[in-house]
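Colleague: Please show me how the helices pack in this model. I would like the reasoning with each answer.

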Amino acid sequence: MELQINGKTLQADAEPDMPLLWVLRDSLGMTGTKYGCGVAACGACTVRVDGAAVRSCVTPVGSVAGRRIQTIEALGAPGKPHPLQVAWIAEQVPQCGYCQSGMLMAAAALLEKKPKPTDADIDAAMTNICRCGTYQRVRAAIKRAAGVKA
């Protein structure tokens, strides 16, 4: 199966109903996307497909063939982090860090759709679960990246 991931065309040997998460992690070695709950509740596995936040643990890989998939590995580049990554560090968002790649991908999808999000926009888009409770810092980081007053 041919997949468009992080701007590259990659081949994956997988059944179409295999979750995208396992293709990314086990077949392609992209371990930045995390397994959390396995039922699309926590968002640790969030990637972007055609710009939208998608829970990869419940997304059959066959449903995203030919679409643009972006993982945390390509959100920023070495020496040129994404504005969200810069804001994440400035606001000291990560604690244990496990959920952060999914949070960042959801936030990137939000800012692409709503470059100047309100608190309500952030609350509606950021449905990821963080066991450390970093929600207020996540909101501050998204606003910082968007250039919106916190």
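Modeller: What follows is a set of questions and answers on helix packing in a predicted model.

Colleague: Is H2 parallel, perpendicular or oblique to H3?

Modeller: The axes of H2 (residues 83–90) and H3 (residues 100–113) come within 10 Å. They cross at roughly 125°. An angle between 115 and 145 degrees falls outside the perpendicular and antiparallel ranges, so H2 is oblique to H3.

Colleague: Which residues of H2 make the contact with H3?

Modeller: The crossing of H2 and H3 is right-handed. H3 brings Gln 100, Met 103, Leu 104, Ala 107, Ala 108 and Leu 111 to the contact. The contact residues divide into seven nonpolar, two polar and no charged. From H2 come Leu 84, Gln 85 and Trp 88.

Colleague: How many residues of H3 are buried?

Modeller: Buried means under 20% relative accessible area. Among the residues of H3 that meet this are Gly 102, Met 105 and Leu 110. The cover includes strands S3, S4 and S5, and helices H2, H4 and H5. H3 is mostly covered, and its buried count is 12 of 14.

Colleague: What span should H3 have, at 1.5 Å a residue?

Modeller: H3 has 14 residues. Its end C-alpha atoms are 20 Å apart, which agrees with the expected span of 20 Å.

Colleague: How many charged residues are in the contact of H2 with H5?

Modeller: H2 and H5 pack at about 135°, with axes 8 Å apart. H2 offers Pro 83, Leu 84, Ala 87, Trp 88 and Ala 90; H5 offers Val 138, Ala 141, Ile 142, Arg 144 and Ala 145. Nine of the contact residues are nonpolar and none polar, and the charged count is one.

Key: Residues are numbered from 1 along each chain as its sequence is written. This is a predicted model: local features need pLDDT of at least 70, side-chain atom pairs count only at pLDDT 80 or more; totals for chains, interfaces and linings use all residues. Side-chain values use heavy atoms; hydrogens and water are left out. Axes are lines fitted to C-alpha atoms, for helices over the stretch in contact, and angles run from 0 to 180 degrees between N-to-C directions. Helices (H or I, at least four residues) and strands (E, at least two) are DSSP runs, numbered from the N terminus. Angles under 35 degrees count as roughly parallel, over 145 as roughly antiparallel, 65 to 115 as roughly perpendicular and the rest as oblique. A crossing is left-handed if the near helix is turned anticlockwise from the far one by less than a right angle, and right-handed if clockwise. Contact means heavy atoms within 4.5 Å. Ala, Val, Leu, Ile, Met, Phe, Trp, Tyr, Cys and Pro count as nonpolar, Asp, Glu, Lys and Arg as charged, and the others, Gly among them, as polar. The expected span of a helix is 1.5 Å times one less than its number of residues. Buried means under 20% relative accessible area, exposed over 50%, partly exposed in between (1.4 Å probe, protein chains only).
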